[in-house]
Amino acid sequence: SVRNVHKEFMKDGEPLTILENINLDIERGEFICFLGPSGSGKSTLLKLIAKRKDLQHGQVIYKENLKTAYVGQHEFSLHNRFPATAYEIVLSAFSAELGLFKRVSKEHKEKALEMLKTLGLEKESHTRLSELSGGQRQRVFIAKALLINPDVLFLDEPTSALDSHFTYDLLKRLKSFQQDGLSILMVSHDLALAQMVSQKILCVSDQSVLALDEHSIEEELAHRHQHIGVHHV
Ligand code: ADP
Ligand code: MG
């Protein structure tokens with residue numbers, strides 16, 4: 001439950017309001033997509049809801065004790081030159097839980113390999129991250145996020161670097177996790193994809209958040225098709 005959330009940043013010495021009086025109710029098990037123009041505050045809102053950023057005003061309330069996993073917008077590209085393998089990255093999800101000096105067990109290792117397999121990375125398990133494609137790398141970080149068995153998964157533009165084949169493949173996998181009870185809150189820039197996977201599309205713009213209804217989604221998509229038509233003539 002998001003209540004009266006407000007966020008401002010300082011810009012050129014002046015406070016600039018990014019989000020103003022945001023109220024949202026999100027149910028367990030939902031797949032929610034956040035859309036909106038670049039710079040409108042989607043990433044900021046996602047971090048606030050995930051409690052990865054401090055609130056200035058208002059509240060974000062979890063009515064149950066939920067385990068959350070968050071994959072940030074630039075996490076994928078930062079690791080381009082990282083020497084670790086896909087398996088090592090995924091396995092590192094356990095280090096926070098175990099502390100520095102405990103060894104991962106055989107069971108942990110099996111779980112990491114199993115998760116890589118679930119995300120279609122069985123053959124790439126022992127490949128270095130730097131040798132994987134953008135789409136494979138993105139799946140590695142999602143596998144890592146899922147390994148701790150979260151109740152809620154936060155994803156900030158997970159498909160931004162993917163071609164349509166990989167995007168479709170990833171969303172299909174996410175959808176099946178949702179069907180098993182995972183709640184997903186995802187920032188996307190693709191309305192058609194958002195409509196395909198989510199129950200609710202929330203548009204972030206002009207400091208506020210608006211739920212898009214069926215009618216406005218259809219209208220917007222039809223409008224875009226017209227534009228594509230015009231460009232082709
Ligand atoms: P989006 O994800 O929709 O592109 P963001 O949430 O990243 O938007 O950013 C919204 C606005 O807040 C932008 O104008 C951005 O420059 C500003 N902003 C984001 N993070 C910070 C920060 N840490 N300090 C100052 N301004 C920020
Ligand atoms: Mg963003």
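**View 1. Q73 and its exposure in the predicted model.** In this predicted model, Q73 has a relative accessibility of 28% and therefore counts as partly exposed, since that class lies between the limits of 20% and 50%. Q73 sits in the loop between strand 5 (68-71) and helix 2 (75-78), and the OE1 atom of Q73 is one of the atoms that coordinate the magnesium ion, ligand 2.

**View 2. The magnesium ion and the two residues that coordinate it.** The magnesium ion (ligand 2) is held by OG of S43 together with OE1 of Q73, at 2.0 to 2.4 Å. This pair links distant parts of the chain, with S43 in helix 1 and Q73 in the loop that follows strand 5, 30 residues apart. S43 has a relative accessibility of 19% and so counts as buried, whereas Q73 is partly exposed.

**View 3. Polar atoms around the oxygen atoms of ligand 1.** The side chain of S43 places an N or O atom 2.8 Å from an oxygen atom of ligand 1, while a backbone N or O atom of G39 lies 2.7 Å from an oxygen atom of this ligand and a polar backbone atom of G41 lies 3.0 Å from one. Ligand 1 taken alone exposes 560 Å², of which the protein buries 61%.

**View 4. The shell of residues around ligand 1.** The residues around ligand 1 include F9, I18 and P37, as well as S38, S40, K42 and T44. By type, the shell divides into six polar residues, three nonpolar and one charged. Helix 1 (residues 42-49) supplies the largest share of this shell, with three residues.

Conventions:
Residues numbered from 1 in each chain as written. Chains lettered and ligands numbered in written order. Predicted model: local features only at pLDDT ≥ 70, side-chain atom pairs only at ≥ 80, totals over all residues. Heavy atoms only, no water. Near = heavy atom within 4 Å. Polar contact = N/O pair within 3.5 Å; in protein donor to acceptor, adjacent residues only side chain to side chain. Areas by Shrake-Rupley, 256 points an atom, 1.4 Å probe, with all protein chains shown as cover. Helix = DSSP H or I, 4+ residues; strand = E, 2+ residues; numbered from the N terminus. Nonpolar A, V, L, I, M, F, W, Y, C, P; charged D, E, K, R; others polar. Donors = N, O, S within 2.8 Å, 3.2 Å for Na, K, Ca; no water. Buried < 20%, exposed > 50% of the residue type's maximum accessible area, 1.4 Å probe, protein only.
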